[in-house]
Amino acid sequence: MQGLQGEAAAAAAELGDVRLPDDIQVIELAGRGSRALTFKAVYQAELVALKIYRPEVAERYRSKHDLNIAVYEMSQNRKFRRNDELFPFSAKPIMVHGHDGQVSLSFIQEFIEGRKLHRLAEEEGGVPFSVLEAGEIIARAGTEAGLPELDLDYRNVLVRRMAGKWIPVIHDFNHVQGVRGGGLGGLFSAKAKTNLQMVKEWSRHAGEPGER
Ligand SMILES: Nc1ncnc2c1ncn2[C@@H]1O[C@H](COP(=O)(O)OP(=O)(O)OP(=O)(O)O)[C@@H](O)[C@H]1O
Ligand SMILES: [Mg+2]
């Protein structure tokens, strides 16, 4: 990745030797996650989120779960978006690159022009009712759609204004269903949280400082 400056260049360096297809232009860093760094980019004349996975995390998914993290995330994203009730709260999945090893492993998704849930709550003095109402739909319909353990951590929720209302959008789909707190380590770690438990935490953490 060449021609980047400041924060985006430093972030790219964290990923090591990043190679991208020629038709992707990176604009800036959008956010840091534990599994990926996400950049705002242009792909086929569309503004997109380019999620480039940390190589060590991609390797862990391969060896531990026999999964390609990018392909897995795109398929979970599709499963979520295919559901009529969940569609309005989903980022559009677009493309995976790098499963051939020629370029870095990445997932391209619709770029959400939104605010982080906890930042919005800080300013509004709480989580808007429309967001909590949508959260309940996401929790229930997600479970019905075969996604009972979505990673609905409040830091993974972006909120955007649509038709005069604040609407949450779910964009992070790489949590492997059925293994949170599982395995031997799971004996000592927190039990799996259901979608509804995660949504109930939205209000509790709202306005907390700290990025992720
Ligand atoms: N589609 C998107 N549109 C806009 N910003 C995004 C998008 N996807 C991710 N981001 C930003 O990038 C950050 C990191 O992305 P994401 O949460 O998907 O990474 P992750 O490594 O899977 O996260 P985690 O640490 O929760 O596993 C997000 O918190 C958000 O700020
Ligand atoms: Mg995240």
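**Figure 1. Asp-66, an exposed residue in the loop between helix H2 and helix H3.** With 7 other C-beta atoms within 10 Å, Asp-66 is exposed. (A residue is exposed if 12 or fewer other C-beta atoms lie within 10 Å of its own, buried if 20 or more do, and partly exposed in between, with C-beta atoms placed from the backbone.) Look for Asp-66 in the loop between H2 (55-65) and H3 (69-82). Helices here are DSSP runs of H or I with at least four residues, strands are runs of E with at least two, and both are numbered from the N terminus. Asp-66 isn't a glycine, yet its phi is positive, about 55°. In general, most residues other than glycine have a negative phi. A word on what you are looking at: this is a predicted model, in which local features need pLDDT of at least 70 and side-chain atom pairs count only at pLDDT 80 or more, while totals for chains, interfaces and linings use all residues. Residues are numbered from 1 along each chain as its sequence is written, and chains are lettered from A and ligands numbered from 1 in the order in which they are written.

**Figure 2. Gln-44, in the loop between E2 and E3.** Here is another residue that is not a glycine but has a positive phi, this one of about 50°. Gln-44 counts as exposed because it has 10 C-beta neighbours inside 10 Å.

**Figure 3. The hairpin of E1 and E2.** Three strands come one after another early in the run of elements, which goes α-β-β-β-α-α-β-β-β-α-α-β-β-α from the N terminus on. E1 and E2 run antiparallel and are joined by 7 bridges; two strands pair if DSSP finds at least two bridges between them. The hairpin connects E1 to E2 through 3 residues. To find one of the bridges, start at Val-26, whose partner in E2 is Ala-41.

**Figure 4. The shell around ligand 1.** There are 21 residues around ligand 1, and Gly-31, Gly-33, Ser-34, Thr-38 and Ala-49 come nearest. To be near a molecule, a residue needs its C-beta atom, placed from the backbone, within 6 Å of it. Strands E1 (24-32), E2 (36-43), E3 (46-53) and E5 (106-110) each supply at least two residues of this shell. E1 gives the largest share, 3 residues. By type, the shell divides into 7 nonpolar, 8 polar and 6 charged residues. (Ala, Val, Leu, Ile, Met, Phe, Trp, Tyr, Cys and Pro count as nonpolar, Asp, Glu, Lys and Arg as charged, and the others, Gly among them, as polar.)

**Figure 5. An open sheet with the order E6-E7-E8.** This sheet has 3 strands with antiparallel pairing. E6 (115-116) and E8 stand at the edges with a single partner strand each, so one side of each has no neighbour in the sheet. E7 (residues 157-162) and E8 (residues 165-170) pair over 6 bridges. Follow the pair from Val-157, bridged to Ile-170 in E8, to Met-162, which stands opposite Lys-165 in E8. The two strands form a hairpin with 2 residues between them, and Ala-163 in the turn has a positive phi of about 45°.

**Figure 6. Gly-114, a buried residue in a loop.** Gly-114 sits in the loop between E5 and E6. It has 20 C-beta neighbours inside 10 Å, so it counts as buried. Leaving aside neighbours within four places in sequence, Gly-114 is in contact with Leu-158, Val-159, Arg-160 and Val-169; contact means C-beta atoms, placed from the backbone, within 7 Å. Trp-166 is 52 residues away along the chain, and its C-alpha atom is separated from that of Gly-114 by 9.6 Å.

**Figure 7. Helix H4 and the largest nonpolar core.** In H4 (residues 117-124), Leu-117, His-118, Leu-120 and Ala-121 are buried. Seen down the axis of H4, the buried residues fall within an arc of 160°, so they line one face of the helix; the arc is that of the directions from the helix axis to the C-beta atoms. Gly-125 follows H4 and has a positive phi, near 75°. The largest nonpolar core has 26 residues, and Leu-117, Ile-138, Val-157, Val-159 and Ile-170 have the most contacts inside it. (Such a core is a set of buried Ala, Val, Leu, Ile, Met, Phe, Trp, Tyr and Cys residues joined through C-beta atoms within 7 Å.) H4, H5 (129-144), E7, E8 and H6 (195-205) each supply at least two residues of this core, with the largest share, 4 residues, coming from H5.

How values were computed. Two residues are in contact if their C-beta atoms, placed from the backbone, lie within 7 Å.
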